[in-house]
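The exercises below are meant to be worked through with the sequence and the coordinates side by side. Try each task before reading the solution that follows.

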Amino acid sequence: MFLVIYALLIWSPSFFILDEAISSDGTFLFDTLAAYLPTTGTLANSLLAAFLALIQAIMLNVMTSRYRLTEEITLLPGLFYLLFMGFSGSFYAVNPLLIANFFLLFAIIELVETYKEYSSADRIFNIGLFIGVASLCYFSYIVFLVFAWIGIGILRAIRWKERLILLFGFLSPYFLVFTYQFWNDNLSLFIAQEIENNLHLFSYAPYQGYTDLITLGLVLSMLVIAVFSYKLYTYKKKIKIQKIIDLLYWVLAASALSILFQSQINVQHFQMLLPILAIFVSINFVNMSRQWSEMLHMLLFAGILIWHYLPLLNI
């Protein structure tokens, strides 16, 4: 119940300031789904986005507790994920990255579950499948195939058969979509619009003002904290936990590759980092004194709400 109230508070600016958020270019699956979603900039769209983010926050809490990534059972990973979603007004809308993050989390869970399993062909196929589906929502998620490829090597002995299963899983949704487009005589148009148009080296959307700088500054600050806290995350932890932490760092590393080739990158692109950053920053806060952690959280929380409510005061 606490996370529900927290999500509504974080999303509350979007309930009163119904500006149409910038939107990253989705690919086939999201474009198809978008026809059935509330229009961006409406109250219904903001409420749906808050609900979807809340589900992801709960998933992060379950993952963190199940795999013992923090010293104690805590709501902080989900809480920080919801807080980080307040870093930009464009995060308040249902967008391709919000949907794709579901499949990224599913892929991470499936990969971790392969640890010490002798036969995990079904899970490895599912990992590839989830990444493939995610990339059909937002093309950049194709980079997480690199994370999965390396992650299998971290958790398991190298078996090339399993790498092939991963690739088959990734290609299976593309095979179905290509078949559908070929049947409808749209294959060449699909390849041009959904793949070629999303591939451009160092392509960035126009600058949207100081709010973009604030968002980038907040995300990069959290990223710097995570990068320089590796020792804290792994110190005196079991081997399995250390391997999971390494996996999550590879998710961040794979995300960095996407800025090289994704077309028309805007601040919404960095939403792909938020689930992992939420887990890492929550570990930092668990290891702080209660007084400091509460004060820093309240400063972030209050600062985000004040920033987003300023337009109501014509500031």
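## Exercise 1: a loop threonine

In this predicted model, Thr74 touches Asn61 and Val286, leaving out residues up to four places away in sequence. Task: establish where Thr74 lies, whether Thr74 is buried or exposed, and which backbone nitrogen lies 3.0 Å from a polar atom of its side chain.

Solution. Begin with the position: Thr74 belongs to the loop that runs between helix 3 (43-66) and helix 4 (76-84). Next, take the relative accessible area, which is 13% for Thr74; since buried means under 20%, Thr74 counts as buried. Finally, follow the side chain, where a polar atom of Thr74 lies 3.0 Å from the backbone nitrogen of Leu76.

## Exercise 2: helix 5

Task: describe the span of helix 5, the cap at its N-terminal end, and how many of its residues are buried.

Solution. Start with the span: helix 5 covers residues 96-113, which is 18 residues, and its first and last C-alpha atoms are 26 Å apart, close to the 26 Å expected at 1.5 Å a residue. Then turn to the N-terminal end, which is capped by Asn95 through a side-chain oxygen that lies 3.0 Å from the backbone nitrogen of Leu97. Last, consider burial: 16 of the 18 residues are buried, and helix 5 is therefore largely enclosed by the rest of the structure.

## Exercise 3: the nonpolar core

Task: name the residues with the most contacts inside the largest nonpolar core, and state which helix gives the largest share of this core.

Solution. The largest nonpolar core holds 99 residues, and those with the most contacts inside it are Trp11, Phe84, Phe144 and Phe280. The largest share of this core comes from helix 5, which supplies twelve residues. To see the surroundings of one of these aromatic residues, set aside neighbours within four places in sequence: Trp11 is then in contact with Ser46, Ala49, Ala50, Ala53, Leu82, Met85, Phe91 and Tyr92.

## Exercise 4: the whole chain

Task: characterise the protein by its secondary structure, its radius of gyration and its contacts.

Solution. First count the elements, which come to 14 helices and zero strands. Then compare the radius of gyration with expectation: a compact globule of 315 residues would have a value near 20 Å, and the protein, at 20 Å, agrees with this. Of the 315 residues, 53% are buried. Lastly, among contacts between residues at least 6 apart in sequence, 80% join residues at least 24 apart.

Methods:
Residues numbered from 1 in each chain as written. Predicted model: local features only at pLDDT ≥ 70, side-chain atom pairs only at ≥ 80, totals over all residues. Heavy atoms only, no water. Helix = DSSP H or I, 4+ residues; strand = E, 2+ residues; numbered from the N terminus. Expected span 1.5 Å × (residues − 1). Buried < 20%, exposed > 50% of the residue type's maximum accessible area, 1.4 Å probe, protein only. Polar contact = N/O pair within 3.5 Å; in protein donor to acceptor, adjacent residues only side chain to side chain. Rg over C-alpha atoms; globule rule 2.2 N^0.38 Å. Contact = heavy atoms within 4.5 Å. Core = buried A, V, L, I, M, F, W, Y, C linked by side-chain atoms within 4.5 Å.
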